[in-house]
Amino acid sequence: MSEDHKNVYLSALFAGAGAALGVDLALFPLDTLTTRLQSARGFSKTGGFKHVYKGIGPQTIGSAPEAALFFLTYESFKYYVEPRVDSDVLPLVYMTAATAGEIVGCLIGAPVEVVKQRRQTSTNTKHTSLRIFMHAVKSEGLIKGLYRGYGSMLIQEIPFSLIQFPVLEYLKKVYRVSFKNNVPLDSWDVANCGSVAAAFAAIATTPLDVAKTRVMLADKKIATDTIRTVLKQIYNEKGFKGLFAGFTPRVMLATIGAYVFFGTYDLSKNFCNDYLLNPDPTVNW
């Protein structure tokens, strides 16, 4: 493996893990409010505005490795394929890279999401994240209990990324050419592009996120339903309003989170490349 290849892997791991952990910890209350608004039991019965950091434990443990795996896959795919294809097909490259990244990242993300969302919507103080984890494994089995929402998570996350990353790369290119005289973007420029791209993706995929939340919180019977069935049930119960439950905090979370995330990711990647992997020998540490 060449030094360039190794640097791509290590910078993606380092930057993805650091950025995800920071954003998830800072904006976790918005995630909790979104989950409660999307719950079939209703906002107030699942805790309302109280204890908005419930479920932070599994999120803290899982967010860093999930993001690290995603960006390791995404950046590696781009590194190998991008130079070998015409510019016309680059959006397809970004979409494929993002899809592969989600498939890998959700292997960690799905179990974390199951435990986290059940903790967020539980009003029983004895239901700790560990107890929820053990109950899911004991009552439903390791795979069915913790990966019940893997498929629905992919159905929500992949369309989100299919929109977000091509839009992000396009905005970065336009911004660089139109406003930066084709010089590399600063991290805050990347943050602006990421924020706009995430807003579009969040708006378009909110119904899928609502369905994913219902599947992960549901009992065994409902958990076997398809996304299409769950979406139909939600529409029959509450109409379009139900399909867009949690819309405001979700879009806020995506927009603010992406601004912080992509800005931090770019800054961390540059720091890793410039100072850790390729240190300047003239700099006295």
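Let me begin with disulfides: the structure holds zero of them. Please keep in mind that this is a predicted model. Two cysteines deserve a word here. Cysteine 106 has a relative accessible area of 0%, and because buried means under 20%, this residue counts as buried. Cysteine 193 is at 4% relative accessibility, so this residue is buried too.

Let me turn to the overall fold. Which kinds of element does the protein contain, and how many of each? There are eleven helices and zero strands. Read from the N terminus on, the order of elements is therefore simple to say: α-α-α-α-α-α-α-α-α-α-α.

Next, the dimensions. The C-alpha trace spans about 60 × 40 × 35 Å along its principal axes. What radius of gyration would a compact globule of 285 residues have? The expected value is near 19 Å, and the protein has 20 Å, so the two agree. As for the interior, 48% of the 285 residues count as buried. We may also ask how contacts are distributed along the sequence. Taking contacts between residues at least 6 apart in sequence, 78% join residues at least 24 apart.

I now come to one pair of helices, H2 and H8. Helix H2 covers residues 28-38, and helix H8 covers residues 187-217. Their axes come within 9 Å and cross at roughly 80°. How should we describe this arrangement? Angles from 65 to 115 degrees count as roughly perpendicular, and so H2 is roughly perpendicular to H8. Which residues meet where these helices touch? On the H2 side they are Thr34, Thr35 and Gln38. On the H8 side they are Asp209, Val210, Thr213, Arg214 and Leu217. Sorted by class, this contact has two nonpolar, four polar and two charged residues. Val210 and Leu217 belong to the nonpolar class, while Asp209 and Arg214 belong to the charged class.

Finally, I would like to point to a single residue, glycine 22. Where is glycine 22 found? Its place is in helix H1, which comprises residues 3-26. Is glycine 22 buried or exposed? The answer lies in between: its relative accessibility is 40%, and since the partly exposed class lies between 20% and 50%, glycine 22 counts as partly exposed. Glycine 22 also offers a distance to look up in the model. Alanine 64 is 42 residues away from glycine 22 along the chain, and the C-alpha atoms of the two are separated by 9.0 Å.

Note on methods
Residues are numbered from 1 along each chain as its sequence is written. This is a predicted model: local features need pLDDT of at least 70, side-chain atom pairs count only at pLDDT 80 or more; totals for chains, interfaces and linings use all residues. Side-chain values use heavy atoms; hydrogens and water are left out. A disulfide is a pair of cysteine sulfur atoms within 2.5 Å. Buried means under 20% relative accessible area, exposed over 50%, partly exposed in between (1.4 Å probe, protein chains only). Axes are lines fitted to C-alpha atoms, for helices over the stretch in contact, and angles run from 0 to 180 degrees between N-to-C directions. Helices (H or I, at least four residues) and strands (E, at least two) are DSSP runs, numbered from the N terminus. Angles under 35 degrees count as roughly parallel, over 145 as roughly antiparallel, 65 to 115 as roughly perpendicular and the rest as oblique. Contact means heavy atoms within 4.5 Å. The radius of gyration is taken over C-alpha atoms; the globule rule is 2.2 Å times the number of residues to the power 0.38.
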